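Colleague: Before I rely on any label attached to a model, I like to hear the reasoning behind it. Could you take me through a few of them?

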Amino acid sequence: MAARAESTPAVPAWQRGRGASWVRPARPQADGLVYIVSSGVFFAAAGVMALLMRTQLATANAEVVTRESYNELLTVHGSAMVFLFAMPLIAGLGNYLVPLMIGARDMAFPRLNALSLWLYLFSGVVMMLSFLAEGGTAQAGWTAYPPLSSQQAGNGMDLWILSLHLIGVSSLLGAINFIVTIHNLRAPGMTWTRMPLFVWSMDVFAWLLLAVLPTLSAGLTLLLLDRQAGTHFFDPTGGGSPLLWQHAFWFFGHPEVYVLILPAMGIISEVLPVFARKPIFGYKAIAFSSVAIAFFSMLVWAHHMFTVGLPNVLNVYFMIASMIIAVPTGMKIFNWLATLWRGNLHFDAPMLYALGFLSIFTVGGLTGIFLAAFPVDWQLHDSYFVVAHFHYTIFGGVVFGLLAGLHYWWPKLYGRLLDERLGKASFWLMFAGFHLTFLPQHFLGLLGMPRRIYTYGEGGLWEGYNMASTIGSYVMGLGVLVILVNMAKTSRTGRRAGNDPWQANTLEWYTTSPPPEHNFDSVPYVASPRPLYDLRRRLKESDAV
Ligand code: HEM
Ligand SMILES: [Cu+2]
């Protein structure tokens, strides 16, 4: 076993004082944990906003919130779920796990990492406090289309723009850090085709962010100028074009969903083989399909703009390009199914969440293919069918994927196993609640209910479906509570995890749970994508002799 020499660099005096530990937390893993916990707090906040919206929509002519508050809740729910919950949770898991999975002692640039973290927290505070701005916070939806966004009075919209600018810088710095870490700090022997698939997905995640985030930031800057400096980039009366914003936003916005989903797919690729007791089927196909998905995701943005009157040749192009993404995505799905085929399946909580991901995300992908056919989109655009579609992909994909990861790696992070019974209970509440919430929204969309409306009249089938959807959202809320209870309860009394409670394959399970400050005392030479499996097999062979 080849041990890697680790030497501790001398710490300059200014970083040793008590205050310094705030700028640069003492344990390298602390950044990751702060990310994870903060994203949980924002998930709760954005979740409560969703419940408020669903309560308003449960019955016809309800008066739980006003039209203006509904629009505020809608905007901040969407933006916070994407920018303050999903992205930072991925960043946090990545922060903690990527160094461990590649056998490194920390991220490449620890202080840059701390800066990303602080910018993120600041961005979150700005977004939440923007509710207090005169005239309230932004009301133009997370897509912030002008003229709504350029004309909204008060400073709420400006604060929302500031918040997104901050999170943009934070994410760019984070992306650079992940890329340098993954490209330079891998353990001896860990070639690109021996790298864990989660690390592959984090590398693609980072490159894709780097490619598309600047477009959003540029668009936001123009929007701010239109609002505050008298420019007319998006104002047709001054020679500008509102469509310019839509292009800028969606060139970022569509790849953004893959930015979120790729790491979730990476998690699934780690969890399925461990709980099927089989090697992953088609390692290289899964790794390279991530690259293909990221590449094609930058060529399809105008499928969000089928109704703005682009020439039909463009509509046809964007339709076909969007459908092409289904090919690498389908490749992953079939490889995962082949991994499960004749496996020795163990239905622990991480596996249940992974299977939940697989089933729900596939449905979301299929309704996506419907919507990519532009004549169908002309009918369904801006209806609840779209709300159902993107929650199937983004909640089913991202949240179920991340919950699979959280249940899988929790013992590594905290040294104790979660309670299996509570884990299973939370899964079934989330799974049932999810379908009860979002399945009926497909039907609402087909019945013509537009998205982003705050109330509707009596009669017809809308009321029943809406009531079902609201009940479902509360069931999901209960599921989230059970997860929290599970974490709180097992933090003192849970069974100790040991290094490798799941008999897993990747390097993070080689070290103690939780890992020491420097992650590893030594790292074994990596000779395959499954170094721990190799180690266990060699131990067994030497026992047999
Ligand atoms: C408890 C689970 C959730 C519920 C009950 C829920 C509910 C809702 C509701 C009621 C809307 C407004 C629909 C409309 O009026 O058009 C909405 C919009 C949205 N949600 Fe969720 N949501 C949930 C989770 C999530 C998650 C996890 C994400 C992303 C990670 C997310 C992202 C969005 C986005 C991007 C919008 C669009 C906002 C807009 O139209 O500008 N949601 N959600
Ligand atoms: Cu899209």
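The conversation below goes through some salt bridges and one helix packing.

Modeller: Please keep in mind throughout that this is a predicted model.

Colleague: What makes the pair Lys-489 and Asp-419 a salt bridge?

Modeller: The closest N and O atoms of Lys-489 and Asp-419 are 3.4 Å apart, and since the rule asks for a side-chain nitrogen of Lys or Arg within 4 Å of a carboxyl oxygen of Asp or Glu, the pair qualifies. By this rule the count comes to 5 salt bridges.

Colleague: Why can one say that the pair of Lys-489 and Asp-419 ties together parts that are apart in sequence?

Modeller: Lys-489 lies in helix 15 (residues 462–493), while Asp-419 sits in the loop between helix 13 (384–414) and helix 14 (420–446), so the parts that are tied together are 70 residues apart in sequence.

Colleague: Why is Lys-489 called partly exposed?

Modeller: Partly exposed covers what falls between the limits of 20% for buried and 50% for exposed, and Lys-489, with a relative accessibility of 42%, therefore belongs to that class. Asp-419, at 23%, counts as partly exposed as well.

Colleague: How do you know that Glu-420 and Lys-424 form a salt bridge, and where do the two residues lie?

Modeller: Their side chains meet at 3.2 Å, taken from N to O, and because the limit is 4 Å, the pair is accepted. Both residues belong to helix 14, where they are 4 residues apart, about one turn of the helix.

Colleague: Why is Asp-500 called buried, and what is its partner Arg-536 called?

Modeller: Buried requires a relative accessible area under 20%, and Asp-500 has 18%, so the label applies to it. Arg-536, at 23% relative accessibility, counts as partly exposed. The two form a salt bridge whose closest N and O atoms are 3.1 Å apart, and this pair links distant parts of the chain, with Arg-536 in helix 16 (residues 531–544) and Asp-500 in the loop between helix 15 and helix 16, 36 residues apart.

Colleague: Finally, how do helix 3 and helix 13 pack, and which kinds of residue make up their contact?

Modeller: Helix 3 (residues 67–101) and helix 13 pack at an angle of about 35°, with their axes 11 Å apart, and helix 3 passes helix 13 in a left-handed crossing. The residues of this contact divide into 19 nonpolar, 2 polar and 1 charged; among them are Phe-85 and Leu-89 in helix 3, and Leu-402 and Trp-409 in helix 13.

Note on methods:
Residues are numbered from 1 along each chain as its sequence is written. Chains are lettered from A and ligands numbered from 1 in the order in which they are written. This is a predicted model: local features need pLDDT of at least 70, side-chain atom pairs count only at pLDDT 80 or more; totals for chains, interfaces and linings use all residues. Side-chain values use heavy atoms; hydrogens and water are left out. Buried means under 20% relative accessible area, exposed over 50%, partly exposed in between (1.4 Å probe, protein chains only). Axes are lines fitted to C-alpha atoms, for helices over the stretch in contact, and angles run from 0 to 180 degrees between N-to-C directions. A crossing is left-handed if the near helix is turned anticlockwise from the far one by less than a right angle, and right-handed if clockwise. Contact means heavy atoms within 4.5 Å. Ala, Val, Leu, Ile, Met, Phe, Trp, Tyr, Cys and Pro count as nonpolar, Asp, Glu, Lys and Arg as charged, and the others, Gly among them, as polar.
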